[in-house]
Amino acid sequence: MEPPLCQTGRPLTLSLHHHLLLLLFSVLPTAGARSNYPCKPPHFNSFSFCNTSLPIPDRSRSLISLLTLQEKIQQLSNTAAAVPRLGIPPYEWWSESLHGLAGNGPGVRFNGSISTATVFPQVILSAASFNRTLWRALARAIAVEARSMYNAEQAGLTFWAPNINIFRDPRWGRGQETPGEDPMVASFYAADYVSSFQSQSGWNPNNSFLTGGRRMVLGELSGDRGLMMLSACCKHHTAYDLEKWKNFTRYTFDAQVSDQDMEDTFQPPFRSCIREGGASCLMCSYNQVNGVPSCARGDLLTEIRQQWGFEGYVTSDCDAVAIIFEDQKYAPSPEDAVADVLKAGMDINCGKYLLNHTESAVKLGKVKEEEIDRALLNLFSVLFRLKLFDGDPAKQKYGELGAGDVCTKEHRQLAVEAVKQGVVLLKNELGFLPLRRSNVASMALIGPAGNRSEVLGGGYSGVPCDPKTLLDGLREFVPDTAFAAGCANTSCVIADGLKEAVQVAQAAEVVVVIVGLNLTEETEDHDRVSLLLPGKQEELVRAVTSASKKPVILVLMGGGPLDVSFAKDDSMIGAIIWIGYPGEVGGQVLAEALFGDFNPGGRLPVTWYPESFTVVPMNDMNMRADPSRDYPGRTYRFYTGTAVYEFGYGLSYSNYTYKFLSAPTRIRLKNSSTKALMNEEIDYLHIDERTPCEDLKFSVKISVANNGDMDGSHAVLLFDRSVARIRGSPRRQLVGFKRVFIAGNGVATVEILVDLCGQMSSANEKGERVLVLGGHILMVHNAEHELDICR
């Protein structure tokens with residue numbers, strides 16, 4: 001079991017630097033009964049599908065048997081129609097909860113008794129914490145606010161998050177929504193978010209602890225696949241990571257993916273989301289995969305149910321069925337498009353295409369009514385698991401949640417802690433940071449994002465509770481903080497405020513320049529074409545550094561990598577810090593970071609490539625490098641070029657050293673068949689369902705010393721490199737990580753469980769999972785440990 005968030009080996013205190021106050025559950029008045037719900041007495045509770053003593057499959061089939069064909073078809077859209085004669089109101093399946101409640105879908109509305117919700121940091125920043133306990137806490141807090149919104153009739157019970165696609169290309173506009181480029185990190189994040197968001201286990205008082213006389217829920221969750229608090233959705237399946245680049249768009253893009261890349265890059269997060277997370281929803285994506293639309297890939301959807309154990313519903317991305325006929329020209333008619341997806345195993349269409357064309361598809365003999373019934377069984381089973389048909393929601397579990405459980409002090413503290421653990425210190429020349437408040441009489445904040453709170457959330461953000469700008473945060477530390485935008489917006493096409501920025505910089509003791517990206521540069525349906533700072537931002541930075549009395553602090557916003565090589569080498573830039581999209585508390589946390597209220601310890605979850613990488617075609621899905629065509633490969637696992645900043649990079653105000661305390665030096669495989677690769681003197685273990693993987697896990701203990709005076713919350717990343725390499729094997733790969741708190745000048749021991757089958761294996765060219773035998777090198781920063789795996 002992991003320690004509570006950043007704390008390890010220390011008693012729980014009230015200090016936010018050492019722990020996180022998680023989720024507060026106090027006794028509140030009932031949130032108020034919903035005006036309408038299924039199985040409402042006295043007229044509509046006598047149907048057999050309302051009988052809570054019956055098994056869910058029986059209740060679902062009973063409901064389906066009462067529907068006419070037209071009524072069945074009306075349930076195949078995200079906006080499911082009412083069935084008045086059965087007392088069933090309409091239901092909206094599409095609600096969003098990526099990093100807090102968002103109004104992107106029609107299910108979430110901020111126009112009722114709850115007008116705001118906590119905007120937590122964007123996923124890419126939370127991922128930089130490398131803290132699974134934090135991820136679970138974030139998902140649980142979002143779930144509490146979501147269920148509260150449902151009770152207020154301002155949200156549904158089914159939410160289409162998380163986005164667990166691999167951040168394959170640095171130009172991708174939606175990379176900010178994901179946990180990054182590493183399949184293992186994305187897999188863990190997927191399982192943690194979904195199990196915590198869906199499960200009821202976190203509500204159990206046995207899983208809680210007391211702090212300050214108030215009950216907090218840790219959320220050690222079981223991933224129960226029975227009844228759920230809410231439903232989460234793994235999206236977008238699969239190999240989806242291109243929005244609009246040159247002549248390619250996400251609506252018509254045919255992702256050509258090798259079996260090798262599919263197995264060890266694109267599929268693992270979805271497999272984990274379902275197997276370990278128990279996800280109740282999967283969203284199929286717009287793109288084609290090897291010539292077939294994702295929502296029509298019956299082979300993949302069948303594998304997900306039969307081999308991965310998926311028990312839930314499959315939704316299309318919005319209008320993804322329509323484009324199969326209208327844009328991709330894959331199906332010869334609308335009815336054929338409907339038939340393709342229903343036969344493949346898709347259950348519901350975000351959009352109206354199934355509403356408009358399913359009945360005619362049935363009449364033409366292209367779709368059987370039994371295929372519609374199969375889809376409805378999956379859909380209704382999820383709603384029954386959510387207890388939607390169990391009567392008055394106000395009288396059920398979670399019925400007391402309401403407006404008092406949204407935008408709580410505890411959730412804001414959680415947001416603060418998430419940003420603190422995620423921000424990444426990229427440069428700190430000669431210990432330029434942290435600043436000392438007593439030594440700073442005046443400051444300047446320069447950059448168009450400095451005084452705008454609306455840009456801090458990134459994509460899929462809702463209405464924040466109490467946003468604070470970066471300028472507000474700095475002025476709480478140094479009241480004499482001047483501001484100049486420099487440019488009208490982050491695109492900075494015209495640096496019309498350059499003169500004012502220079503004047504402000506000349507007058508201040510300390511200058512902070514905020515540059516980078518926002519949703520103009522990277523967002524859904526829009527990819528970048530360059531990795532450089534947008535427009536004339538670099539010109540703005542250079543002008544300010546030339547005018548400043550001292551080296552300046554460069555703050556970078558955005559989810560995608562940036563080529564800031566010029567800043568790395570500029571002695572007049574004393575420090576660089578990346579804050580991603582920090583959400584509503586960004587202004588507070590940036591100031592606290594600069595003035596040393598906490599010790600930065602985040603790590604980059606993506607490789608930061610040089611601008612020269614943009615010659616690589618974005619539509620080339622190959623992960624592995626190919627020297628014969630000057631293809632450098634992608635992500636830290638396969639990229640052979642020089643990075644601006646590597647995956648996992650991150651500095652601190654402390655200096656840490658590592659030492660392996662215990663780890664096996666030899667692992668001998670028993671009762672496991674191995675094969676020699678053709679024409680190569682390399683042994684490997686072929687991993688399949690017969691492999692005794694539970695017996696092939698081992699523990700690694702690492703000593704981590706904090707050689708500075710400042711306490712630190714620190715992410716420890718354990719990598720593996722095989723000495724013998726098969727064709728296409730990773731150059732190195734992450735096999736474990738853990739967040740640890742270490743007092744100033746203190747030492748802590750970190751224990752990481754390594755799964756040989758899951759983390760140290762990769763895929764061969766046939767897409768088979770294999771473990772290379774022989775020598776392996778385990779690495780934590782500059783500490784190494786040799787391990788031999790043999791027959």
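This is a walk through a predicted model, stop by stop, with something to select at each one.

**Stop 1: helix α14**

Start by selecting residues 470-477, which make up helix α14. Colour Leu470, Leu471, Gly473, Leu474 and Phe477, since these are buried. Now look down the axis: they span an arc of only 160°, so they sit on the same side of α14. To see what they pack against, add the strands β15 (443-446), β16 (481-484), β17 (510-516) and β19 (573-580), then helix α18 (586-594).

**Stop 2: Phe477**

Stay in α14 and zoom in on Phe477. Its relative accessibility is 10%, so Phe477 counts as buried. Leaving aside residues up to four places away in sequence, what does Phe477 touch? Show Arg437, Ala591, Glu592, Phe595 and Asp597, and you have the set. If you like a distance check, draw a line from the C-alpha of Phe477 to that of Ala441: you should get 9.8 Å, for a pair 36 residues apart along the chain.

**Stop 3: helix α18**

Two of those contacts, Ala591 and Glu592, take you to the next selection, as they are also listed among the buried residues of α18. How many of the nine residues of α18 are buried? Eight are, so α18 is largely enclosed by the rest of the structure. Select Gly586, Gly587, Val589, Leu590, Ala591, Glu592, Ala593 and Leu594 to see the buried set. The cover over them includes α13, α14, β17, β18 (552-557) and β19. Before you leave, step just past the end of α18 to Gly596, where phi is positive at about 75°.

**Stop 4: α4 against α13**

Helix α13, part of the cover on α18, also has a helix partner worth a look. Select α4 (residues 132-151) together with α13 (residues 409-422). The two pack at an angle of about 150°, and their axes are 11 Å apart. An angle over 145 degrees counts as roughly antiparallel, and α4 and α13 therefore fall in that class. Their crossing is left-handed.

Next, turn on side chains. On the α4 side, pick Leu134, Ala137, Leu138, Ala141, Val144 and Glu145; on the α13 side, pick His411, Leu414, Ala418 and Gln421. Coloured by class, this contact shows seven nonpolar, two polar and one charged residues.

**Stop 5: Ala418**

Keep α13 on screen and centre on Ala418. Buried or exposed? Ala418 has 0% relative accessibility, so it counts as buried. Beyond residues up to four places away in sequence, Ala418 touches Pro121, Ser126, Leu134 and Leu138. For a long view across the model, connect Ala418 to Trp245: the C-alpha atoms are 32 Å apart, and the two residues are separated by 173 places in sequence.

**Stop 6: α5 against α7**

Now for another helix pair. Select α5 (residues 183-198) and α7 (residues 268-275), whose axes lie 8 Å apart at an angle of about 25°. That angle makes α5 roughly parallel to α7. Here the crossing is right-handed.

For the contact itself, show Pro183, Ala186, Ser187, Phe188, Ala190, Ala191 and Val194 from α5, then Pro268, Pro269, Ser272 and Cys273 from α7. By class, that gives nine nonpolar, two polar and no charged residues.

**Stop 7: backbone oddities**

The last selections are about backbone torsions. As background, most residues other than glycine have a negative phi, and most peptide bonds are trans.

- **Pro41 to Pro42:** this peptide bond is cis, with omega near 5°. Look for Pro42 in the loop between β1 (23-24) and α1 (56-65).
- **Cys39:** stay in the loop between β1 and α1. Phi is near 60° here, a positive value in a non-glycine residue. Cys39 is buried, with a relative accessible area of 4%.
- **Ala161 to Pro162:** another cis peptide bond, with omega near 10°. Pro162 is in the loop between α4 and α5, two helices you have already selected.
- **His781:** phi is near 55°, again positive in a residue other than glycine. Find His781 in the loop between β30 (774-780) and β31 (783-790). His781 is exposed, at 62% relative accessible area.

Definitions and conventions:
Residues numbered from 1 in each chain as written. Predicted model: local features only at pLDDT ≥ 70, side-chain atom pairs only at ≥ 80, totals over all residues. Heavy atoms only, no water. Buried < 20%, exposed > 50% of the residue type's maximum accessible area, 1.4 Å probe, protein only. Helix = DSSP H or I, 4+ residues; strand = E, 2+ residues; numbered from the N terminus. Arc of directions from axis to C-beta. Contact = heavy atoms within 4.5 Å. Axes fitted to C-alpha atoms, helices over the stretch in contact; angles between N-to-C directions. Parallel < 35°, antiparallel > 145°, perpendicular 65-115°, else oblique. Left-handed = near helix turned anticlockwise from the far one by under 90°. Nonpolar A, V, L, I, M, F, W, Y, C, P; charged D, E, K, R; others polar.
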